[in-house]
Amino acid sequence: MAKRAPDKDLPIVIVGAGFAGMCMAIELQGAGIESFVILEADEEIGGTWRDNTYPGCACDIPSHLYSYSFELNPNWSCTYSPQPEIQDYLLRCAEKYDLYNKIRFNTEIKEAYFDESTHAWTLVSNNGESFEARAVILGVGPLSRPNIPDIEGLSEFKGAAFHSAQWDHDVDLKGKKVGVIGTGASAIQIVPAIAEEVDQLVVFQRTPPWVMPRSQRTYSELEKKLFATIPGLQRLYRSLIYWRNEAFAVGFVTEKRIMRLFEWMAKRYIRSVFDDPQMRQWVTPDYSIGCKRVTLTDKYYPALARSNVELVPHAVERFTPEGVVAKDGSHRELDAVVLATGFHATDFLSYFQITGRDGRDLNQAWREGAEAYYGLAVSGFPNLFMLVGPNTGLGHNSIVFMIEAQVNLVRQCIETLLHENLPSLEVRPAVHRRFNETLQQRMKDTVWQSGCQSWYQEDSGKNTTLWPGYTFEYWLRTKRFNPDDFRMNW
Ligand code: N01
């Protein structure tokens, strides 16, 4: 079929209005590109910070860093802000940057295909609507689809059961016998938040997490005033937090022996809370600290030590209509169960049907694990970009920093496409391959590949989620669009 000139008037489509999609929109606006629309599956912006409303939900990266660099907020109430405050921040940003006019809500994209003759993408929504686009940017996030484990008997359980990211606020847990399955970053926030109000709390632990104290602190009115009025102070504070967090990467990716110091600190923390040798043993992980995400909390261990809280150091075998049977065969009667069982993090875009050049299917291209060029472009899929894509997640620092680096490069790709009126722009296969070979080679020496099983990895053990280096390095390497890395079709 003869190719036509690209239709300049086709919009750019951003999918998802969370931290990433909004950042992309603001970046395009800043470059004078207004021809975009944001398609959002839900009826409000916010992504993960809209969805996760469980008791105790907060960010485990300090808010002065976990926020846009171009939209500092001097009024964060405390070091690690609770979810409502972060969602409010995002709502304010959406208002300030006039994003609501650009968003189509309740529009969930299920399918996207590229037409080589028109150089256009067509996106199809769940209600059958279709949208044509010059370029597509997927900002859907890897932690958006809850992992509801296929545990025998779950559907026959007579009590309430819901995932941590789909908290059922109609269920009153006061005075009830409640089970929490999972002990990851969500569970360690939920357990202390509900321990006081429930009658009994049973925590089912398949694998103990490493826990470090979080040192939460409320900012005084004076501090907020100083942040707001002294030029550069808040930016300096933000930089200090950034470099402190970045220092962890030395242990994660360069010198794993440093992690022994953190292990020693975490074990000392365990001893300071628990007198019972049995409890100390149960909560002490047998894998290197950092291999799974380190959980930060001052409240989880004290909550486990409460008399109405029981730690069951076993995975779950099955549900009964009345409760849960642990792997050791013991049964607990429960009124409600919280599935704090994480997300389909490595599946990335598996729930999308994405068809690129020559009928390439993205899921097929990723059958051995997702991979991309700096997590944001895939060979064979012209004019398609993604944010927080493969191997751009972090175990130690703010993902907002990575998002800003990504939108900067994607914006440059889009500018090249528009200003040079190119039909398409696509990362070269050899560049894509070399990039991922080097990345996986480097990954081998990181703490994340030191022997534990985590959501960072595919079942095969391949780590498709994390950036195996320093974030400033990612920022430097994505700062300028390199035309040699892309095939530009005329
Ligand atoms: O999920 P997880 P999460 N039977 O995957 C267990 C971000 N986040 O929602 O370790 C029994 O960490 C599983 O056990 P195991 C953050 O990036 C950020 O807590 O696999 N147990 C594990 O204990 C985080 O890393 C914040 O053996 C089962 C737990 O469930 C990511 O979200 C706050 C099971 C899942 O832990 C995910 O955290 C919260 C089964 N069948 C979350 N299946 C911030 O503060 C799973 N488990 C920014």
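How many salt bridges does a search of the whole structure find? The search finds 24, where a salt bridge is a side-chain nitrogen of Lys or Arg within 4 Å of a carboxyl oxygen of Asp or Glu. Before we look at some of them, a word on the model itself. This is a predicted model, in which local features need pLDDT of at least 70 and side-chain atom pairs count only at pLDDT 80 or more, while totals for chains, interfaces and linings use all residues. Residues are numbered from 1 along each chain as its sequence is written, and side-chain values use heavy atoms, with hydrogens and water left out.

Let us begin with the strands. Helices (H or I, at least four residues) and strands (E, at least two) are DSSP runs, numbered from the N terminus, and two strands pair if DSSP finds at least two bridges between them. Look for an open sheet of four strands, which lie in the order 6-5-4-18 with mixed pairing. Why do strand 6 (130-133) and strand 18 (353-355) each have one side without a neighbour in the sheet? They stand at the edges, so each has a single partner strand. From one strand to the next, the twist averages 15°; axes here are lines fitted to C-alpha atoms, for helices over the stretch in contact, and angles run from 0 to 180 degrees between N-to-C directions. Within this sheet, strand 4 (residues 109-115) pairs with strand 18 in the parallel sense, over three bridges. To find the pairing on your screen, pick Tyr113, whose bridge partner in strand 18 is Thr355. As you follow a strand, keep one point in mind: in a regular strand the side chains alternate between the two faces of the sheet.

Now move along the chain to strands 14, 15 and 16. Strand 14 (residues 316-319) and strand 15 (residues 323-326) run antiparallel and are joined by three bridges. The hairpin that connects strand 14 to strand 15 passes through three residues, and Arg318 stands opposite Val325 in strand 15. Strand 15 also runs antiparallel to strand 16 (residues 331-333), again with three bridges between them. Here Val324 stands opposite Arg332 in strand 16. The hairpin of strand 15 and strand 16 has four residues between the strands, and Gly329 takes a positive phi near 90° there.

Back to the salt bridges. Side chains of opposite charge can pair when their charged atoms come close. One pair starts from the loop between strand 14 and strand 15: Glu322 in that loop and Lys158, in the loop between strand 7 and strand 8, are 164 residues apart. Their closest N and O atoms are 3.4 Å apart. Is Lys158 buried or exposed? Lys158 is exposed because its relative accessible area is 64%, whereas Glu322 counts as partly exposed at 36% relative accessibility. The cut-offs are under 20% relative accessible area for buried, over 50% for exposed, and partly exposed in between (1.4 Å probe, protein chains only).

Arg145 forms a salt bridge with Asp347, with 3.5 Å between the closest N and O atoms. Arg145 sits in the loop between strand 7 (135-138) and strand 8 (160-163), and Asp347 in the loop between strand 17 (336-339) and strand 18, 202 residues apart. Arg145, at 24% relative accessibility, counts as partly exposed, and Asp347 does too, at 31%.

For a buried pair, turn to Arg50 and Glu40. Their closest N and O atoms are 3.1 Å apart. Another group to look for is the network of salt bridges that links Arg357, Asp358, Arg360, Glu426 and Arg487.

Finally, the cysteines. The structure holds one disulfide, a disulfide being a pair of cysteine sulfur atoms within 2.5 Å. Cys291 and Cys452 are the partners, with an S to S distance of 2.1 Å. The torsion about their S-S bond is about -95°, so the disulfide is left-handed. Cys291 is in the loop between helix 8 (277-283) and strand 12 (295-296), and Cys452 in the loop between helix 12 (429-443) and helix 13 (471-478), so the pair ties together parts that are 161 residues apart in sequence. Cys291 is buried, at 0% relative accessible area, and Cys452 is buried at 9%.

What about Cys23? The closest cysteine sulfur, in Cys93, is 9.4 Å from the sulfur of Cys23, too far for a bond. Likewise, the sulfur of Cys78 is 11 Å from the closest cysteine sulfur, in Cys59, too far for a bond. Cys23 is buried, with a relative accessible area of 1%, and Cys78 is buried, with 9%.
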